[in-house]
Amino acid sequence: MSGERLPLLAVEGLSLEFRTRSGTVRALERVSLDVQKGEMLGVVGESGSGKSVMSYAIMGILDPAAEVTSGRILFGGINLLERTESELQEMRGREMAMIFQNPRSALNPIRSVGRQIEDVLHRHGNVRGEKMRERAVELLRQVRIPDPERRFHAYPFELSGGMCQRVLIAMAVAAAPWLLIADEPVTGLDVTTQAVIMDLIQDLARSRNMATILITHDLGLAAEHCDRIAVMHAGHVVEVAGTGRLFRSPRHPYTAKLIGATPRADRGLSGLASIPGGLPDLRAALPPCRYSARCERYARQCDLGPLPSRELAPGHRVGCWNPIG
Amino acid sequence: MRSGTLTLIGRRLLQAAPAVMGIIVVTFVLTRALPGDPAVFFAGPTADAQSIAQIRKSLGLDKSWPEQFWIYLRDLARGDLGKAVSTGQPVLHELATRLPASLELTLLGLLFAAAAAIPLGVLAATRPGSWVDHLCRLLVTAGVSLPTFFTGLFLVYIFYFLLGAAPAPLGRLHIALVEPARVTGFFLIDSLLARDFEVFRSALAQLALPASTLGIFALAPLARMTRAAMLGVLSSDFIRTARAGGLTSWTVLWVYAFRNAMLPVLTTLGMVFSFLLGANVLVEKVFAWPGIGSFALEALVASDYAAVQGFVLAMALMYVALNLVIDVLYTLIDPRVGVEG
């Protein structure tokens, strides 16, 4: 992927805080990312690294306690942070959509799944009545739900987790958005279903030329499906590169550790390494590099200036003073 | 779904049967275990032992308890609740004339409470920490801590005595007016059916203060539950999905959040209704309301067995009916109910 074209989505220097009773949580700090049209970008990190918060910021569905302190989110060149709530409401679902973890609780328990798809169609598509119904059934068929006419009337509690995720995907793509954010879409589903759902997302993205951000803690899953991968740690994007390049020559120590901690078929379980330490407390005073306390390559210079963003090769950015290699 | 609802109604009615039987037994025993002898009471202070014994015999109280209970059950099966000794009228007739008065008052009070509490709770939940939220908290505290007879007397003092805006707290209609032709027993409805708007206005004016008194009492638990339920639902995953789909704030709030929050609110509504039936007794006293509560109170003081038993039975049946209605509403709102049960 070349960075020459205007990206569909560009997150530039985004910093975000949560005001809580126990202090200010600096959830994101100068996060920058871009997504090209039609590509699949993986965002990988431990839980608490800020992946989901970033996606909520892009969608504009942040908790009221969250406050963006700097940065821009450009979607098709428009800064989303300057849009009003009603403008964002128009864009959500139609320009960009999102699917979630725990698909069953992500659906309204007392509304039939067909109605929930129709709600999105009613909002964004100019179809009504019988046409809208046909369109919803057609969407259920596209996400490969067997017997869609009957399933239209089903309630979430009558469907399996995998089926519910398909319904969420149908809702997400109902208004043909340019960007789909999939936040841990297969976590909690059984392994066979995981593969089927991921293939479905990938097929839909390809056939519609829809850009996809896959948010996951599973580097292996991202490697399997994504063109590029961004690695996040404690609210920082520490490394971005094409998937092959990232695995061949990771430059950030955290990425290298993460790859070492990912099981692979050609390596026994004994080769698996765990990453020492945990995420720092984001309410406390933090060093410029939030990984420094866990890092083997830590040097004095790491504490001197703000975290750099160094482009070591075209399209390969690292936030580290002392990268590998 | 529809047949499921019918099955549910049938099952609930069957489940209620043992409870109703139990209530019949317990009220029978309790009324007789209470201190006070109705024969002495009705014979009056000047009666001698012979006339008391005569009255006791005429009331059937000289028979043994099992015998009395058997007679009571036999009459009950024929729909005969006995005679209220204090008024000389059959208990069934007393209940039939007084129950609509109480129900009209209670339902209007509940309507008033729901109409105020539910929007207030929703607003408070959507704007936590705002002035609406504080107002909600204030009203909830006030509503809980003010006893109904106090609120009633206070309202009478302000609106009747000081301002003269309300009519005298003396029953269901202005003294000069005639009751509307009886169809439902609810004066508001019957007067409209008879197209007698003067009676309608008077009935409404008489209802305003006692219904408000009950309403203020019922407001607190309803507003509190609505707020809590809305807060819970608004932070759930499917609301986030709805917002991510770009649905309008109105749709998210009312179609997605409110309908889900209605489930616990409905349960509370049922509970509040049964509380109100109890709170009625004092409010009816304050407003000289010819309802079932004041009737029961007088009957209890007079140890009027048949009347007390009839009252408790009527209440129990109403409670069963109320729970049935709530259950049916539940199945209409929540597709999961009835499948699990």
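What covers the buried residues of α7(B)? Keep that in mind while we take a walk through this predicted model, starting with the helix itself.

Helix α7 of chain B runs over residues 148-162, which makes 15 residues. From its first C-alpha to its last it reaches 20 Å, close to the 21 Å expected at 1.5 Å a residue. Just after the helix, look for B:Gly164, which has a positive phi, near 70°.

Now for the buried part. The residues of α7(B) that count as buried are B:Thr148, B:Thr151, B:Gly152 and B:Leu155. Here's a handy bit of background: an α-helix has 3.6 residues a turn, so residues three or four places apart point the same way. And the cover we asked about? It includes two helices of chain B, α9 (197-234) and α11.

Helix α11 turns up again where the two chains touch. Chain B puts 19 residues into its contact with chain A, and chain A puts in 26. On the chain B side, α10 (237-244) and α11 (249-286) each supply at least two residues. The top contributor there is α10(B), with six residues. Sorted by class, this side of chain B is a mix: six nonpolar, seven polar and six charged residues.

Finally, step back and view chain B as a whole. Its domain assignment gives domain 1, made of 1-86 + 302-318, and domain 2, covering 95-295. The centres of these two domains of chain B are 32 Å apart, taken over C-alpha atoms. Where they meet, domain 1 offers four residues and domain 2 offers five. The domain 1 side of that contact has three nonpolar residues, one polar and no charged ones.

Technical notes. Residues are numbered from 1 along each chain as its sequence is written. Chains are lettered from A and ligands numbered from 1 in the order in which they are written. This is a predicted model: local features need pLDDT of at least 70, side-chain atom pairs count only at pLDDT 80 or more; totals for chains, interfaces and linings use all residues. Domain bounds come from an automatic or database domain assignment. Two residues are in contact if their C-beta atoms, placed from the backbone, lie within 7 Å. Ala, Val, Leu, Ile, Met, Phe, Trp, Tyr, Cys and Pro count as nonpolar, Asp, Glu, Lys and Arg as charged, and the others, Gly among them, as polar. Helices (H or I, at least four residues) and strands (E, at least two) are DSSP runs, numbered from the N terminus. The expected span of a helix is 1.5 Å times one less than its number of residues. A residue is buried if 20 or more other C-beta atoms lie within 10 Å of its own, exposed if 12 or fewer, and partly exposed in between; C-beta atoms are placed from the backbone.
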